[in-house]
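Me: Could you take a close look at one helix for me and tell me how its sides differ in burial and what it packs against?

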Amino acid sequence: MKNRLTQIYTKTGDAGKTSLANGKKLSKTELIFDAIGTIDELNSALGLIISFSKNKKMNKILLEVQNNLFNIGAELALQDKMFIQQSKVKDLENLIDLFNEGLPPLKEFILPGGGKEASFCHLARTICRRAERHLFILHEKNPINQETLSYINRLSDFLFVAARIFNKEKNKNDIFWQM
């Protein structure tokens, strides 16, 4: 692979403008950058989970998700490519079903918390929900890949289940909401 980033700073953003990967210059206040930035924030949160987790299987899954999030960022920045296919959504659904089978059924809402990895999963889940809202705002103005919207929706569900898996493996109880 040739060098893609030979210069880290460009100074073009100093005046409040930046470019999409397709070369289109926009104000940094455009909604698309809220979406791209939140996807990037979510990706960073997943990196944080991986840095604490000793669960090799989960880390492999989260690394794949990180790559998919980068692909979503590329979809948004290029505006004419679709990298997220229905198979990626189905993969998340299968993982949710598989992991959820080994968990006790929920009869109450749970509060974010437990062990470190679970807590970071809950944080990532809330960032994911914010990313989803940004994507739908964009989608209302200029349609984006439907599979991307579905993927982000499933990802927040997966992160919820992953938090419960991490708590289970650390012998931490889910914290139930007390009304």
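Reply: Sure, let's start with the buried residues of α3: V89, L92, L95, I96 and F99, where buried means under 20% relative accessible area, exposed over 50% and partly exposed in between (1.4 Å probe, protein chains only). They cover an arc of only 120° around the axis, so they sit on the same side of α3; the arc is taken from the directions from the helix axis to the C-beta atoms. On the other side of α3, Q86 and E101 are exposed.

Bear in mind that this is a predicted model: local features need pLDDT of at least 70, side-chain atom pairs count only at pLDDT 80 or more, and totals for chains, interfaces and linings use all residues. Residues are numbered from 1 along each chain as its sequence is written, and side-chain values use heavy atoms, with hydrogens and water left out.

As for length, α3 runs over residues 86–101, and its 16 residues should span 22 Å at 1.5 Å a residue, which agrees with the 23 Å between its end C-alpha atoms. The expected span is 1.5 Å times one less than the number of residues, and helices are DSSP runs (H or I, at least four residues) numbered from the N terminus.

The buried residues of α3 pack against α2 (56–78) and α5 (146–169). From the α5 side, look at F158, which is located in that helix and is buried, with a relative accessible area of 0%. Beyond its neighbours within four places in sequence, F158 is in contact (heavy atoms within 4.5 Å) with M58, I61, L62, L92, L95, I96 and F99.

Note on methods:
Helices (H or I, at least four residues) and strands (E, at least two) are DSSP runs, numbered from the N terminus.
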